[in-house]
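Subject: The structure, and what turned up in it

Hi there,

Here is the structure I said I would pass on. Have a look at it first, and then read on for what was found.

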Amino acid sequence: MRLEINQFGGMAPLVDPTALADNFATYAQNVRLDRGVLAPGALKLEPNPDYPDAQLSGRAVRSVAKLSDDNTRFAFGNPRGAMAFVSPVSPADTWGRVYYMGVDGPVFTTSEQYSPGGLVINPVSYRLGVPAPGAAPEVMAAPTIEHKYEEGDDNRIEVEPDYVDVAYAYSFVDRYGHESSLSLASGTARVAYDRAFSVPVLVGAAPPTRVNIDGGFRRLYRATFDGSSSTWQFLADIPIGQTTFDDTVPVGQEGEEAVNEGWLPAPVKLRNLCLVASAFAAGYFDNYVCYSELKLPHAWPAELQYPIKYTPKGLMPLLNGVLIVTNGRPYWAEGSDPYSAIPRELPINAPCVSSESVVDMGDYAMYVSFDGLVAAGPGQAEVITSEIVDRAYMESLVDENCKAFAFNGRYVFSTKNGRWMGFVPKQGFVEYDFGYAPDEFSAVSFNVRDNKHFFAFSDGTVRTIDTDGEATNVQWLSKHWRTPPASFSCFCVEADTYPVGVMVRCQYLSQEWQETPLFEVSGPHIQRLPVMTGGLWQVVIKPPQGGRVYRVILGQSGREVQ
């Protein structure tokens, strides 16, 4: 009789230790299980020169982001700043705009406020979007209209003008070309199609706050009510400091039609600002999922506010759509056009426990629910841990403060008792010790260009994972093999690096567990065991730093382990 472990997996807490598959563990700590091979898994953190402690400490930094190839690094005061994005029209954006969640809501900054290639900490920012003028324009006096005459038999006769009614509306345009929605319409004024005229118009509303209006405009539009059209058409850009305009533009010579009706600023209560399919911005407030206009992150029409049944907890852009996790069922919205990306409820009851647990895993996202870990993507979602954990276990493990990130294919999340757990589908759980408690972090971001994770600490400092660091407290405890009362006399270990630490444990009936000393196995040769008799057997393995363990065999004779 022999016992063999030729593949290594993680923990499956729901399954009894004696009913586990041979590759699963009763406990796994600080290990990697790539392709069924056991190796140390260092997840220690180290300082990063891109974010020096001396510059960040005490600056209330809660998240970081690297968004361009010129090594410009941003540090923000909102944990959701980690989802910052550059303009969807980049690299054609001459202003170098960066959009993100600021302390006071959704904001943007420009290259006027930061130095490309440097470290930018809480840059000057502006409200995302421009509020419409607070007052309608006013026609200040009756229009003056050119008189025309024709000669009669005895005297000149005035030719009656061909009258038409017009009205005015205007918008604000900030320094960067962001345009507000139109104001309310003015009263009408009667002008002539075929005559020169002059209409004095007052556009006197105060400019909006938290908007860089320096160099901006008041953009005036006119609508002609001629029985067939009342479209707003461009009339003139008026310097922001000027509040009056004398309209002398002949009817029919207006500019392009207004496209900005309904362009509201991003809602003040908007949360989780992100970019979907490199095409439009998204966020949520209350029970609404909101989108911006295509390629215009400053314009948020009310018609692109989609109500959903449950309260949103977080958004995660994926592929050509966005996942919306809620306190009920998740939603998926597909499409690169905001008018077609309608949120659709997914048929799974999996409320999200924590918005900070939603992580992009590549083609899908994962998040923590009390029913287990959920994998969700385009049009589908499922609890992928239902066979190895149950609701009672998850409720004892996590709470609303759970944080998570992805690393080397592993979904790593925090527990409410201060631990870190990693999960890989079909492999189970592994516990990790970073040396830092989860409540010391405010956000984790991943930079594709550097292939690095950046951990923002509550004290403002930033760390990255030291993948070359030495893993400590590395151990893997096998399942419990149930056998007839027996003894095993020897074992061997196949690995690429030695020594490998091995301990064998057994229990006879209900007696105390017996265990061997920790053997430091120096090679693939047969290792003798002391005499122990038991009906339950377990193997403890401690893989060497930088090494991999492929197989462990216990036998009752040397022939059985060869």
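Let me begin with Asn-327, which touches Tyr-310, Thr-311, Lys-313 and Pro-351, leaving out residues up to four places away in sequence. Please keep in mind that this is a predicted model. Asn-327 sits in the loop between strand 28 (321-326) and strand 29 (331-334). Its relative accessible area is 41%, so Asn-327 is partly exposed. If you would like a distance to check on your screen, try the C-alpha atoms of Asn-327 and Gly-204: they are 46 Å apart, with these positions 123 residues apart along the chain.

Pockets and cavities

How much volume does the largest pocket have? The value is about 1400 Å³. The lining of this pocket is made up of 47 residues, and those closest to its centre are Ala-82, Met-83, Met-316, Asp-360 and Phe-446. Several strands give two or more residues to the lining, among them strand 6 (63-66), strand 8 (85-86), strand 23 (271-276), strand 27 (312-318) and strand 40 (452-457). Which element gives the most? That is strand 39, with six residues; in sequence, strand 39 covers 441-447. By class, the pocket lining divides into 30 nonpolar, eleven polar and six charged residues.

As for closed spaces, searching the whole structure gives one cavity of 30 Å³ or more. The largest cavity holds about 40 Å³ of space. Its lining consists of Asp-104, Gly-105, Pro-106, Arg-127, Arg-210, Ala-266 and Val-268. Three of these lining residues are nonpolar, one is polar and three are charged.

His-480

Next, a histidine to click on. His-480 is in the loop between strand 42 (475-478) and strand 43 (481-486). Is this histidine buried or exposed? His-480 counts as buried because its relative accessibility is 16%, and the cut-off for buried is under 20%. The side chain of His-480 makes a polar contact of 3.5 Å with the side chain of Gln-538. Gln-538 also appears among the contacts of His-480 beyond four places in sequence, together with Pro-17, Thr-18, Thr-26, Trp-513, Leu-536 and Trp-537.

Backbone details

Two cis peptide bonds are worth finding in your viewer. One joins Ser-90 and Pro-91, with omega about 10°. Pro-91 belongs to the loop between strand 8 and strand 9 (98-102). Another joins Tyr-498 and Pro-499, where omega is about 5°. Pro-499 is in the loop between strand 44 (490-495) and strand 45 (500-507).

There are also two neighbours to look at for their phi angles. Ala-277 is not a glycine, yet its phi is positive, at about 55°. Ser-278, again a residue other than glycine, has a positive phi near 55°. Where do they lie? Ala-277 is in the loop between strand 23 and strand 24 (280-285), and Ser-278 is likewise found between strand 23 and strand 24. With a relative accessible area of 25%, Ala-277 is partly exposed. Ser-278 has a relative accessibility of 49%, so this serine counts as partly exposed too.

Cysteines

How many disulfides does the structure hold? The number is zero. Take Cys-290, which is in no disulfide: the nearest cysteine sulfur belongs to Cys-274 and is 11 Å away. Cys-290 has 1% relative accessibility, so it counts as buried.

Why does Cys-402 have no bond to Cys-352? The closest cysteine sulfur to that of Cys-402 is the one in Cys-352, and at 8.6 Å it is too far for a bond, because a disulfide needs the two sulfur atoms within 2.5 Å. Cys-402 also counts as buried, with a relative accessibility of 1%.

That is the tour. Happy viewing!

Best wishes

Key: Residues numbered from 1 in each chain as written. Predicted model: local features only at pLDDT ≥ 70, side-chain atom pairs only at ≥ 80, totals over all residues. Heavy atoms only, no water. Helix = DSSP H or I, 4+ residues; strand = E, 2+ residues; numbered from the N terminus. Buried < 20%, exposed > 50% of the residue type's maximum accessible area, 1.4 Å probe, protein only. Polar contact = N/O pair within 3.5 Å; in protein donor to acceptor, adjacent residues only side chain to side chain. Contact = heavy atoms within 4.5 Å. 1 Å grid on protein atoms, 1.4 Å probe; cavity = no way out; pocket = protein on both sides within 12 Å on 5 of 7 lines; lining within 4 Å. Points joined across faces, edges and corners; volume = space filled by probe spheres on them. Nonpolar A, V, L, I, M, F, W, Y, C, P; charged D, E, K, R; others polar.
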